[in-house]
Structure formats: structure tokens, C-alpha cells
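Student: I have a protein model open on my screen, and I would like to learn how to read it. Could we go through it feature by feature?

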Amino acid sequence: KQWYQRRVRGQPVGAGAGAIEPDSTTSPEQNGAAAPDESAVFAVLEALLGGSVEEKGAALMSALNILREDRLINEDNSYDLLSAILCCVEDQDGELVNKSIKVMNKFLVYQPKYTMAHSEEIIAKITRAKVSLASGDNTIFQVLVSTFGEETIINIVLPMLQNETFPVLLAVINLLYQCLKDSKESSKAVLEPRLSEMAESVCPHCSHVETNVRKQAIFCLVELLLLFGPDRIDPHLKNLTVSQKKLVYLYYNRHQRSAR
């Protein structure tokens, strides 16, 4: 479906149109934050939605300036920029997609209140992006977890683990791994009721044809062991083969030794 839909000012857009709910906080001027120039925002939106690949790339760099930490952009500009950036995330040009993900990173950090209502759309588009999110810079996964929290991430990625195929599957399982890795003691109350569902979603991928998928599935189970301990997690590993279970505990024991 078409993501970008222009709103009539002052009228809400239904959830089916991908709306970001209005925020009733004070204006940028009341907060003392510098609002971006409207002409600059218009020029960025115009290029992102209708420009060439080169023009879109330049507009993404301009968007970084608009999304500075010391700026509080208004609801309409936030909605429109989010929509336009996510359009670029879906592009077929890998370099442009990489740039758009970096800008999306800044958006999540500096304008989080305008992204909460669209966590599912944002996560789906980023994990399905036409670039490799398998290795290297995992900043976007860290930011997704810190912005949306463990419960939201788990709710979104578990169905995707059951339905997506490689390479999207690898991005999804990497996001789950980051979520579990970043979880603290306080997160256990959120995660524990989903242990059975998580294990059922992850364990089958320990037999996946792609090595990186198998590896990340094993590492997700290791993180569950580190969070909850063998007594709590071991019953959920019953569907693993003997060798897969040995591999899980090998990495778990290695972590325990290094932590001493």
C-alpha cells in the first residue's frame, strides 16, 4: 500500500493509513527549541518523494540537519519526514537505503514520540530493506530496542520469525538477539510469559540451511539461558538435536567462564 499520504491539517488519519497520533505537548517555540525552516522541510520532502537517487541522497543528508538534537519539529513535519524516509528505506538502491536507515536512526533517537504508533511499520520496513543487516553495524537494532522496548519488539518479531524467509529472516532474528542481549533484570517479567513462544519460534531455525541464521538462533537461546538460567530454559530446548543443544551450552559455558 502507498505509505505516504498527505493529511488535511487538523484532521486525524485512521490507523489504516499509517497515522502518527497527534501529540499534545507544547510547541517548539514554547520549549525554547529551534524549529526548522518550513522551506527547508518542503525541499527535503519534495526531493525524497520525487527526486532522482542522487537528489534523494542529498535530501537525506539535509534531513539529518533538520533532525538535530536541539530541534523539536512539529507534528506535521515529523509525520511527513517519517513517511518520506521510510519510502527511501524501501528503495531498490542499496546505497540510498543505507543512507535512509542512518537517517531513520537519528529520527528514532531525536523524535521518538512520533514513532511509537508506527513501531510495526518501521520494524517491518527496516528488516525488509534491500541491504545486509546481518553483520557489522548493529546500531539500528540497538536504537529500535531502546526506542520501542522489549515487549513491543517481541510482539512484532515472533510472528515474523515464523513467516519470513531468508534474508529478511536473518535481520529479524538479529533484532531478537539484540533485544535479548540488551535486556536487563527488570525485563524478565515481560519476557518470561513468552519463553515457550520464543523457544518455539527460534529452535526450528537452528536447523536452517543458512549458517548465519543457525548461528543467531543458537545465540538467542544462549541469551535466554543467561537471563533465566538452565533450570528455567532447558525444558524449552527439547526440540533441539543433541548436537544443537551441546552447541547452545558450549557458548553458554564459554560466556560463564569469561564473566568470572
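Tutor: Happy to! Keep in mind that this is a predicted model. Let's start with one residue, L72, which sits in the loop between α3 and α4 (75–89).

Student: Is L72 buried or exposed?

Tutor: To judge that, look at the relative accessible area; under 20% counts as buried. L72 has a relative accessible area of 17%, so this residue is buried.

Student: How far apart are L72 and A35, in sequence and in space?

Tutor: Those are two separate ideas, one along the chain and one through space. L72 and A35 are 37 residues apart in sequence, while their C-alpha atoms are 5.9 Å apart in space.

Student: How much of the contact in the protein comes from residues 24 or more positions apart?

Tutor: If we take the contacts with a separation of 6 or more, residues 24 or more positions apart account for 73% of them.

Student: Now the overall picture. How many helices and strands does the protein have?

Tutor: Count the elements from the N terminus on. There are 13 helices and zero strands, so the order of elements reads as α repeated from start to end.

Student: And what share of the residues is buried?

Tutor: Of the 260 residues, 49% count as buried. The surface can be described too: the protein exposes about 13000 Å², and carbon and sulfur atoms supply 49% of that area.

Student: How do I describe two helices that pack, such as α2 and α3?

Tutor: Give the angle, the distance between axes and the handedness. Helix α2 (residues 38–50) and helix α3 (residues 53–66) pack at an angle of about 145°, and their axes are 8 Å apart. The crossing of α2 past α3 is left-handed.

Student: Which residues meet there?

Tutor: From α2 come A40, V41, V44, A47 and L48, and they meet E55, K56, A59, L60, S62, A63 and I66 of α3. Sorted by class, this contact has nine nonpolar, one polar and two charged residues.

Student: K56 is on that list. Is K56 buried or exposed?

Tutor: K56 belongs to helix α3, and its relative accessibility is 15%, so K56 counts as buried. Leaving aside residues up to four places away in sequence, K56 touches A47, L48, G51, C88, D91 and L96.

Student: What should I look for with aromatic rings?

Tutor: Look at the distance between ring centres and the angle between planes. The count here is three aromatic pairs. One of them joins Y177 and F219: this pair is tilted, with 6.2 Å centre to centre and 45° between the planes. Y177 lies in helix α8 (residues 168–182) and F219 in helix α11 (residues 211–228), so the pair links parts of the chain 42 residues apart.

Student: How are F219 and Y251 arranged?

Tutor: F219 and Y251 form an edge-to-face pair, 5.1 Å centre to centre with 70° between the planes. Y251 is in helix α13 (residues 242–258) and F219 is in α11, so this pair ties together parts 32 residues apart in sequence. Y177, F219 and Y251 form one aromatic cluster.

Student: How accessible are Y177 and Y251?

Tutor: Y177 is buried at 17% relative accessible area, whereas Y251 counts as partly exposed at 28%.

Student: One last feature: which peptide bond is cis?

Tutor: Check the omega angle. The bond from F166 to P167 is cis, with omega near 10°. P167 is in the loop between α7 (139–163) and α8.

Definitions and conventions:
Residues numbered from 1 in each chain as written. Predicted model: local features only at pLDDT ≥ 70, side-chain atom pairs only at ≥ 80, totals over all residues. Heavy atoms only, no water. Helix = DSSP H or I, 4+ residues; strand = E, 2+ residues; numbered from the N terminus. Buried < 20%, exposed > 50% of the residue type's maximum accessible area, 1.4 Å probe, protein only. Contact = heavy atoms within 4.5 Å. Areas by Shrake-Rupley, 256 points an atom, 1.4 Å probe, with all protein chains shown as cover. Phe/Tyr/Trp six-rings, centres within 6.5 Å; stacked < 30°, edge-to-face > 60°. Axes fitted to C-alpha atoms, helices over the stretch in contact; angles between N-to-C directions. Left-handed = near helix turned anticlockwise from the far one by under 90°. Nonpolar A, V, L, I, M, F, W, Y, C, P; charged D, E, K, R; others polar.
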